[in-house]
Amino acid sequence: MTTLAPDVLAPVTPTALPARRSVRAARRAALKAASAVAVLIAAASVTFFAQLAIPGDRATIILNLQNGREQKWSSSELSPVNEKFGFDHPLLTQYLHYVGGFFKGDLGTSYTQYRPVTSVIGAQILPTLVLTVGALVVAWIFALVVTVLTVRRGRAVTGIGSSFEAFTASLPHYWVGVILLVVFAVKIPIFPVIGGDGLWGTVLPVLTLAIPLSGFLGQVTRDEFDKVLDQPFITTARARGMGDTAIRLRHALRHAVLPAITLSGWALGALISGAVIAENIYGRPGIGQVLVTAVNTRDVPTVAGIVLVVAAVYIVANLLVDLAYAAVDPRLRAS
Amino acid sequence: MTVVASKQASTRQVAPGQALLSVQNLRVAFGETEVVKGISFTARPGSCLAIVGESGSGKSVTARTLVGLTGGDARVAADRLDLDGTDLLALGERAWRRTRGKEIGFVLQDALVSLDQLRRVGAEVGEPLELHDWGDRRSRPERVVELLTSVGVPEPEMRARQRPYELSGGLRQRALIASAIALDPRLVIADEPTTALDVTVQAQVLDLLAASKERGTSIILISHDLSVVARLADEVAVMRDGEIVEHGVSRQVLCDPQHEYTRALLDAVPSEHTRGVRLVRGTSPSTPRERRPIDRGRPLLEGRHLTKVYRGPDGVDRTVVDDVSFELYAGETLGIVGESGSGKTTTARIALAMLEAEGGEVLLRGEPWSTLTQRERRPLRNRVGVVYQDPLSSFDPRWSVGRIVADALSRGPNPPSSAEERRTRVLGLLQKVGLGEHQVDVGPLRLSGGQRQRVAIARALAPEPELIVCDEPVSALDVSVQAQVLDLLTDLQDDLGVSYLFISHDLGVIHHMSDRVLVMKDGKVVERGTADDIFTRPQDPYTQRLLTALPRLEQAS
């Protein structure tokens with residue numbers, strides 16, 4: 001047998017340039033981090049100026065809140081408040097102090113509780129994160145199980161799968177929450193009505209957020225799965241003697257999850273706003289409850305602080321999504 | 001070099017000359033449409049059967065049927081479909097899975113999409129071993145390296161750790177073949193295994209299949225390309241509309257065809273023998289042919305020391321066009337031929353002034369062209385037309401054919417002044433490219449590939465250009481349609497005296513069309529001269545290598 005000439009057209013191998021590669025990767029990471037910080041500064045600036053834009057003098061608002069009535073206050077009554085909250089400094093100083101404080105973990109002082117906003121929010125963040133991340137994980141599991149089991153399984157099964165996804169994707173959180181509460185806590189008392197943040201009490205709130213999201217992720221994954229199953233490499237795998245289930249799990253799935261991964265960053269952010277509803281329905285502690293109270297009492301620094309925390313979660317979530325995407329699709333790392 | 005060990009096959013060897021696979025009266029239908037209409041053939045050990053046909057002939061469906069992957073809603077029937085005594089029609093899904101990969105290897109075209117891009121090459125090549133319980137976790141990677149070595153992949157350990165997109169087209173295709181022959185199947189079916197490859201790489205892949213044949217593997221080669229088939233096949237079956245119209249020893253079918261369709265197909269292949277000859281049999285040009293005059297005075301289009309540099313994703317500059325100069329005279333066809341990445345399309349885009357060169361300039365009739373501003377160039381644009389490989393993506397899919405051509409007319413030096421005049425001139429142009437009145441109101445999506453290319457040519461002609469840049473204009477077409485389009489381009493040149501800058505990777509097409517030829521490699525012009533000089537007396541080693549690698553009909557054995 002003749003020896004074949006080595007392929008002269010082979011591209012330069014990636015391992016041949018390890019140094020340049022890692023430099024590029026480091027530069028990319030630095031760029032990502034810098035843009036994340038820029039977004040946070042922008043968010044902090046917007047929330048700071050939004051606080052100023054609210055009509056009326058801030059010290060007056062605080063005194064009104066404190067005393068529960070609307071009136072004019074004399075300057076001798078206002079000045080201690082101005083001094084306490086730093087409203088007597090020039091605007092630029094206040095702005096720099098706010099943005100700078102944000103990076104030091106200082107979000108100002110609550111108008112209603114006279115405590116730092118960080119301590120108002122702090123204790124509530126963990127239950128909300130547990131709720132939202134839990135919902136995201138559960139939604140992924142539902143979406144994957146339903147798509148893998150039902151995509152291209154004959155007209156009937158496929159129809160059931162995609163209708164299930166369309167139905168769940170269209171459900172509003174408050175409706176799912178109330179129905180789950182009535183069915184699984186009141187009629188069939190498996191779960192507590194008032195959840196608390198224990199594991200057992202977390203099940204229904206998580207499902208409330210997970211079910212609509214799973215339908216949404218499932219629809220996206222199903223579309224992609226359907227396309228991937230038509231790809232020539234699937235035919236190649238079949239021609240090697242691979243069975244249908246193995247093809248789905250070992251070849252198609254990895255390709256099919258890519259769009260849903262991209263959407264997960266957005267989904268995590270959206271879940272935080274959904275968390276407000278779930279926490280209210282189940283009387284569960286969390287950032288949502290704090291936000292509702294703060295909005296009702298016009299506690300602007302607390303609202304602003306929560307907005308910033310949500311922005312930070314968004315940014316971290318999207319960085320994680322980028323990492324996850326690159327882990328699943330190594331082509332991204334190469335380019 | 002290690003010969004792939006035949007651990008399983010040796011015990012069940014079919015005697016030479018005897019059929020390994022017998023197919024009798026095979027029929028495949030999707031719904032009401034029968035796409036394979038009763039074909040019969042046999043495949044023998046150590047021999048290659050080629051099934052040749054154009055798109056829609058049913059050749060790929062036949063290939064898939066032989067591995068039981070026709071598709072869920074297909075109906076397959078045959079008087080006989082048996083692989084060495086096993087009735088394939090009677091196999092259940094489980095038995096099919098044991099057969100695929102082990103008894104029958106299957107190679108698809110373009111490994112970029114036929115290998116899973118997200119998995120390592122080693123995992124892909126080793127998958128059949130795993131599926132058929134060959135060896136264990138330790139011995140399989142060794143076997144993968146052995147297989148990659150046997151198909152001529154250099155540095156196999158490293159390649160196995162890479163992913164398919166990190167390999168060149170040729171290496172990928174070899175990896176795909178390595179995976180198909182991993183268990184040394186007695187039958188390998190290759191469906192267009194070289195279609196996306198450059199001619200030199202194609203030659204290597206064909207050699208690889210030939211080596212496998214030498215070792216006793218039976219090969220069924222599916223192809224649209226008669227020259228590729230000539231290099232490898234012992235027997236050729238020509239398919240059209242689901243039927244085998246001619247079947248015989250390859251030398252006889254390719255050199256002395258009996259069936260009219262085979263003859264038409266062979267005539268349609270452009271090569272050094274077809275210069276100045278019509279490719280479509282029995283047709284004649286609209287006007288009596290005269291050798292068109294070429295004005296060798298001042299060049300119509302002139303490129304001077306063109307250079308284009310791109311910065312790659314790795315931050316390294318790559319010179320994709322490197323000091324390229326050319327002249328194109330009125331009435332002449334200048335061919336640019338090269339493999340992928342040679343810079344031929346970039347050169348064409350610079351000539352069109354759609355891409356700015358870092359160095360050099362392009363002159364049109366001796367006047368500045370590439371150095372003009374967009375605004376200055378606009379009134380001259382109509383003098384240079386363009387035809388691309390994929391016309392569909394250059395049309396607005398919602399526009400009718402008539403509107404596409406009319407739009408181009410209105411950009412010419414004398415736009416139609418009335419609706420009637422516009423319609424008459426659109427019809428005239430469509431007639432010139434062989435389309436009729438009934439196609440005026442049709443959208444491009446409802447036309448065939450050949451018709452679309454005709455519309456693209458009509459559009460290019462509408463503003464009465466002196467020059468048309470044709471970038472791979474026939475590469476996506478079947479050989480018979482390609483022949484029609486090439487004949488059309490030749491007729492138009494004879495009638496209108498238009499010049500062509502003709503870009504193609506296909507040496508046969510370039511030889512057929514060009515008066516003079518530039519051979520490009522890695523952005524440089526390695527050789528230039530008249531078509532006959534280049535193709536019969538190539539001076540540059542690269543041109544010589546290209547021509548050696550070029551499959552020819554005369555190679556039929």
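## Close-up views of a predicted two-chain model

**Figure 1. Where the two domains of chain A meet.** In chain A, 14 residues of domain 1 are in contact with 14 residues of domain 2. This is a predicted model, and the domains of chain A span residues 24–103 for domain 1 and 120–334 for domain 2. Between the C-alpha centres of these two chain A domains the separation is 34 Å.

**Figure 2. The two domains of chain B.** Here each domain is assembled from two stretches of sequence: 16–99 + 219–268 make up domain 1 of chain B, and 301–400 + 465–555 make up domain 2. Their C-alpha centres are 37 Å apart. Contacts link 13 residues of domain 1 of chain B with 13 residues of domain 2 of chain B.

**Figure 3. The largest nonpolar core, and a second one.** Welcome to the greasy part of the picture. In soluble globular proteins, nonpolar side chains tend to be buried together. The largest nonpolar core in this model holds 108 residues, and V236(B) and I457(B) have the most contacts inside it. Where does this core lie with respect to domain 1 and domain 2 of chain B? Both domains give residues to the core, so it lies between them. Look around V236(B) and, leaving aside residues within four places in sequence, you will find it in contact with A50(B), V52(B), V229(B), E246(B), H247(B), G248(B), S250(B), V253(B) and L254(B). Separate from this core is a second one of 61 residues, with A44(A), L136(A), L253(A) and I261(A) among them.

**Figure 4. The largest cavity, lined by both chains.** Rolling a probe the size of a water molecule over the atoms shows where empty space is left. The model has 5 cavities of 30 Å³ or more, and the largest encloses about 60 Å³. Which residues line the largest cavity? From chain A come T236(A), A239(A) and R240(A), while chain B supplies G101(B), I104(B), G105(B), F106(B), L176(B), S179(B) and A180(B). Two or more lining residues come from each of α9 (232–239) of chain A, β7 (104–107) of chain B and α7 (169–180) of chain B. Sorted by class, the lining has 5 nonpolar, 4 polar and 1 charged residues.

**Figure 5. Helix α9 of chain A.** Staying with a helix from the cavity wall, is α9(A) mostly covered or mostly uncovered? Mostly covered, with 6 of its 8 residues buried. F233(A), I234(A), T235(A), T236(A), A237(A) and A239(A) are the buried ones. Just past the helix, G241(A) has a positive phi of about 100°.

**Figure 6. A buried alanine in a loop of chain B.** A182(B) sits in the loop that joins α7 to β8 (187–191) in chain B. The residue counts as buried because its relative accessible area is 1%, and the cut-off is under 20%. Beyond its neighbours within four places in sequence, A182(B) is in contact with V125(B), P128(B), L129(B), R143(B) and L147(B). E127(B) is 55 residues from A182(B) along the chain, yet their C-alpha atoms are separated by 8.9 Å.

**Figure 7. Two positive phi values in neighbouring views of chain B.** Most residues other than glycine have a negative phi, and most peptide bonds are trans. H305(B), in strand β12 (residues 301–311), has a positive phi near 50°. D323(B), in strand β13 (residues 317–328), also has a positive phi, near 55°. This aspartate, D323(B), is partly exposed at 45% relative accessibility.

**Figure 8. V324(B), buried in strand β13.** V324(B) belongs to strand β13 of chain B. Is V324(B) buried or exposed? Buried, because its relative accessibility is 0%. Outside the four places on either side in sequence, the contacts of V324(B) are G303(B), R304(B), H305(B), L306(B), T347(B), M520(B), G523(B) and V525(B). For G303(B), the C-alpha to C-alpha distance to V324(B) is 7.2 Å across 21 residues of sequence.

**Figure 9. R27(B) in strand β1.** R27(B) lies in strand β1 (residues 21–30) of chain B. With a relative accessible area of 33%, R27(B) is partly exposed. Not counting residues up to four places away, R27(B) touches E34(B), V36(B), K37(B), G38(B), R75(B), V76(B) and A77(B). The C-alpha atom of T65(B), 38 residues away along the chain, is 9.7 Å from that of R27(B).

Note on methods: Residues numbered from 1 in each chain as written. Chains lettered and ligands numbered in written order. Predicted model: local features only at pLDDT ≥ 70, side-chain atom pairs only at ≥ 80, totals over all residues. Heavy atoms only, no water. 1 Å grid on protein atoms, 1.4 Å probe; cavity = no way out; pocket = protein on both sides within 12 Å on 5 of 7 lines; lining within 4 Å. Points joined across faces, edges and corners; volume = space filled by probe spheres on them. Helix = DSSP H or I, 4+ residues; strand = E, 2+ residues; numbered from the N terminus. Nonpolar A, V, L, I, M, F, W, Y, C, P; charged D, E, K, R; others polar. Buried < 20%, exposed > 50% of the residue type's maximum accessible area, 1.4 Å probe, protein only. Core = buried A, V, L, I, M, F, W, Y, C linked by side-chain atoms within 4.5 Å. Domains from an automatic or database assignment. Contact = heavy atoms within 4.5 Å.
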